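Colleague: Can you walk me through this model?
Modeller: Yes, here it is.
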Amino acid sequence: MTATPFRVRVTERTAEARDVVTLELRATADAPLPAFTPGAHLELALPNGLVRHYSLCNDSRERDRYVIGVGRAPASRGGSRYVHQSLSVGDSLTVTALRNNFPLAEGAPAYRFVAGGIGITPLLSMIRHCEAVGSPWSLLYCVRSRQRAAFHEELAQWPGRVRYHVDEESAGAPPDLAAALATPAGGEQLYCCGPDGLMRAVRECSAHWPAASVHFEWFSAPAEAGGGEAVADDRAFELVLRRQGRTLTVPAGRSILDTLEEHGLMVPFACREGLCRTCETAVCAGAVEHRDCVLSAAEREAGTSMMICVSRARGESLELDL
Ligand code: FES
């Protein structure tokens, strides 16, 4: 959508649920904000120097504000802790990018949403869109407790469409995803966002759905994707930088991004886990072993771009448009 940085100001801050705050952000300039589509996220440069990604949860037709929900991560590396403890109404932030790696397929006959905790945020903007265009939808919302269910009051306006699974009311039993996902309607689309365990369970229980109709947004790299870390059978390979006219060696245990930085070559990045698409780079030649969580099956098959923070060469050499 846009990669041109712009400033916004925090105009409202609401305690949405236990350990969840929502922030309303408005433009500091007298102009409409860049448009977004359901499922989009902001890349925000926080005043403490950290860059973080937050899904937009308001109506995508609104051009005068963005609304994000931020859960306090128990093992926060400084982003959610800063938002919860220090960010106030009146503070300015820089939006460094506005992207959508989790777009809603327009025109489907129905939509099935599965949210876990703060994973409700991108799904809420999708739900608003479905309501606006009259598309049928349903939501299974998995939370640890009612107190932690963000947007509970708002979701209450659609009692027939929203079903909760509350851990502390279920004696620890997990949601019955096999039953919830048993029968996809023709053309129905499934969207899931939440913690790693829920996402893997949904993937397992939706294996019989058409692959192109199942969509995930990961908060952190799943373990089988390497979790953003090197994996045991990594091998060194040759990296040709077409525009630089240079050839480097990417050692085992180091990413392409690491290797470029070690040679003084700076390329944009944010998550370093294959989640945000910031480091996406065009591939000129060579086969890629994709380890990211954002490319679709069709994009992987095409092999024309890769996330250089996690993905590697499948063979001895790879040539990139760098
Ligand atoms: S830096 Fe986020 S995908 Fe590579």
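Modeller: What follows covers confidence, overall build and one sheet.

Colleague: What sort of model is this, and what counts?
Modeller: This is a predicted model, in which local features need pLDDT of at least 70, side-chain atom pairs count only at pLDDT 80 or more, and totals for chains, interfaces and linings use all residues. Residues are numbered from 1 along each chain as its sequence is written, and side-chain values use heavy atoms, with hydrogens and water left out.

Colleague: What is the mean pLDDT?
Modeller: The chain has a mean of 92, and 95% of its residues reach 70 or more. pLDDT is the predictor's confidence in each residue, from 0 to 100.

Colleague: Which element has the lowest mean?
Modeller: Helix 7 (residues 297-302), at 86. Helices (H or I, at least four residues) and strands (E, at least two) are DSSP runs, numbered from the N terminus.

Colleague: How many helices and strands?
Modeller: Seven helices and 18 strands.

Colleague: How much is buried?
Modeller: Of the 322 residues, 49% are buried, meaning under 20% relative accessible area with a 1.4 Å probe, protein chains only.

Colleague: Now the five-strand sheet. What is the order?
Modeller: The sheet is open, with mixed pairing, and runs 13-12-18-14-16. Two strands pair if DSSP finds at least two bridges between them.

Colleague: Which strands are at the edges?
Modeller: Strand 13 (246-250) and strand 16 (305-307); each has a single partner strand, so one side of each lacks a neighbour in the sheet.

Colleague: How do strands 12 and 13 run?
Modeller: Antiparallel, with five bridges joining strand 12 (residues 237-241) to strand 13. E238 has T249 of strand 13 as its bridge partner.

Conventions:
Buried < 20%, exposed > 50% of the residue type's maximum accessible area, 1.4 Å probe, protein only.
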